[in-house]
Amino acid sequence: LSRLDKTDEELMAVLGQGRQDGLAELVHRYQNDLFRFCLHYLKDAERAKELAQETFIRVYTARDRFDQSRKFRPWVLCIARNLCLNELKRKKAVSMESLEEYASSAREGSGELLRSSADGPDEQLQTAERRELVLEAMAELDEESREIVHLRFFERMQARDIAEVLGSTEGAVRTRLHRILRGMQARYQSLKDQL
Amino acid sequence: MDDRTFFSENIVAWLEGELDAIAAKRMQRCVESDSHLRNEYESFKELFGALDTAGDRHRQTDFAQDLNLLPAVLREVAVIDRTAQREQFRTIHAIPAKSRLRPVMAYAIAAMLLLTVGLSWWAYQNSSERPNDNTQMAGSQDTAVDTSTTTDPSKLPTPVISHLQQRLMDLKNQSPIAVPAIDFAKTESPDLETLTSSDIVKMRRDASVSMESRATLASLATLPEDKARAIATSETASAEVVAGAIDSLPDDEAAALLMTAMGRYEGTAPEKRAALQFALASKTGEWSGFPPENALPFYFEAGRLLGAGQLEEALAMLDAAAELPEASAYSIEAANNGAAALVAAGVDPAAARLLQSLTAGTEEYQTLMELGNRLIEAASLYSQQGDTETARRIYEAALRLGDQLDSSSVARERLAGLDIQREAISNLEPTYTATGDTAALEQLTVEADSLTVSVTEMAQFFEALDELFASDLGAGFLSQIADVILNYGDVHLFEFLR
């Protein structure tokens, strides 16, 4: 198997043997995800890059402690989350650059347009409208609730993995998520009715 | 529980796919039979759809054009490794019990040292000569000195100078191991196909006491030119095999083959690529595009610029090199390449790996010492011409090079670092003394003390290696030794074998 065919967990095993090509591949696979993830917390693109980089360094220093029966992704997101929370504690005031702003400035440079699942202009408009509403509903959530929704829908994580990132239990995460989504549904409808 | 309560409690779990078949069927029936619940269901579905869309858009944002964290991550990781290597190296020498200094011996050495310093001090006090004579001892009496910003040399603290000179004398007399000088292009063709691990162990034992055997062992790790050419030009040869085989070929031919080998690592395996690039640059003198974290190319380029009389450019290059955290000649990668080439030449794989592991860094030691000597000689020339400041800067750069090499995980690379430091300190002592720079002399004394410890540790390390190979070693153990060295470098050997 070349390193491209290896799973994340197998690459960690390679890294554990002292081979840095395992790390290079993991950086390649996860640098975008981690940057986005850190940016979600920090709202500061430069700092998000630095903490994404720091996360990989923590992965390297903890390579011997990685339990290969566990999944890599929740583990690395847990590291990144802890770094971000520490950073937020350290620095109360954060700059307001958002992912959206960063992405649009990045797109201006590349001329790239984001893909949309809807085909026609009406559908595109409706999708965009719903997206705006749901983001507004999300913005009104408390920090912890927003984090769980983010992990579930933006990072596409299952309850078990979210629990690992947050240091909680699968059952507690499920219960919490159900409650949050029920509340969000009511708020989403109310915002929609106001339109 | 009525349907509406059941629906309300389970709608999220249903959409999340968490319900069992019976509960899911009941939810389905609720939606089909109750228009209020159907509206609820549609509303939740829309929320989930909107969240999925927002999530998709979030993930589709591609930062790949802006983000390239790998170089910075690898640089940081290199710093972490070096720190860890230093720690491991400190512990290595405590492992072989016979090599450890007993406390009594340590006290005896300390007492002798104090006595030596005391005697030097007494001799100085009773001598009619005065501190300026220190420069004569060091052979720099013809140096024109700018003393405008320094202390009067006659006011230098003499115990410091005595201590430093004693240290330098100790260092001169204390050589951990002689690395054989080998003309790799003119080695005899070994009987490759019959070479076994047992033969290599026997040669390694002989090498403990014989310089000639040491040279034979190192020369065996190379290939005869015709064989090397056949292997390196083979269509099926891997990049490692090509890189391992080209050492016996003329530089131009080797460079062309290395270019091909590098192409095979395009975009992948940055360490292997860096090792090939280093081999290529050392043959062609073309260092541009080299991995920026390694200071060694800067020193090579500075050496070339000094030879061409481009002093300002050379000093700028040395300043840049000093800022970098490490200098590596990639001995581990070269040894792995060498093993691949030997296997391609028909050597038993276990024997090939053992042979390369036991000779790793031999050629690199020569290359590094040539570089160090080039810098020291250039500095010496400026000193003779009266340009003490330039001489000082180049000597200090050589000292920094030695220090950077001292963090290598290959003993012979590290040994080159120690030897270069020793030369640099020997030359800086009269330079600092002549300019009367007390602070620099005191700092140099600290460096000399530290170097003495490192040299002692290195000598103990090589003694421990000799002891290891003097004992009976099974095939499995030999294979383990080769694996450790070819993966992590030999200075970590005892740590891993513990």
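A residue counts as buried when its relative accessible area is under 20%. This cut-off is used in the legends below, which describe a predicted model.

**Figure 1. Asp466(B) and Arg204(B) form a salt bridge.** The closest approach, N to O, is 3.0 Å. The pair joins distant parts of the chain, with Asp466(B) in helix α21 (residues 438-470) of chain B and Arg204(B) in helix α8 (residues 197-207) of chain B, 262 residues apart. Arg204(B) has a relative accessible area of 8% and is therefore buried, whereas Asp466(B), at 25%, is partly exposed.

**Figure 2. Arg304(B) pairs with Glu301(B) in a salt bridge.** Their closest N and O atoms are 2.6 Å apart. Both residues belong to helix α14 (residues 296-307) of chain B, and because they are three residues apart, about one helical turn separates them. Glu301(B) is buried at 15% relative accessibility; Arg304(B) is partly exposed at 44%.

**Figure 3. A salt bridge connects Glu140(A) with Arg187(A).** The N to O distance is 2.5 Å. Glu140(A) lies in the loop between α6 (121-139) and α7 (143-154) of chain A, and Arg187(A) in helix α9 (residues 170-194) of chain A, 47 residues away. Relative accessible areas of 44% for Glu140(A) and 28% for Arg187(A) make each partly exposed.

**Figure 4. Salt bridges link Asp33(A), Arg36(A), Arg73(A) and Glu155(A) in a network.** The surrounding chain A has nine helices and zero strands, and 48% of its 195 residues are buried.

**Figure 5. Residues 89-151 of chain B have pLDDT under 50.** The model has 69 contacts beyond four places in sequence for this stretch. Helix α6 (residues 132-137) of chain B has the lowest mean pLDDT among the elements of chain B, 32.

Note on methods
Residues numbered from 1 in each chain as written. Chains lettered and ligands numbered in written order. Predicted model: local features only at pLDDT ≥ 70, side-chain atom pairs only at ≥ 80, totals over all residues. Heavy atoms only, no water. Helix = DSSP H or I, 4+ residues; strand = E, 2+ residues; numbered from the N terminus. Buried < 20%, exposed > 50% of the residue type's maximum accessible area, 1.4 Å probe, protein only. pLDDT = per-residue confidence, 0-100. Contact = heavy atoms within 4.5 Å. Salt bridge = Lys/Arg side-chain N within 4 Å of Asp/Glu carboxyl O.
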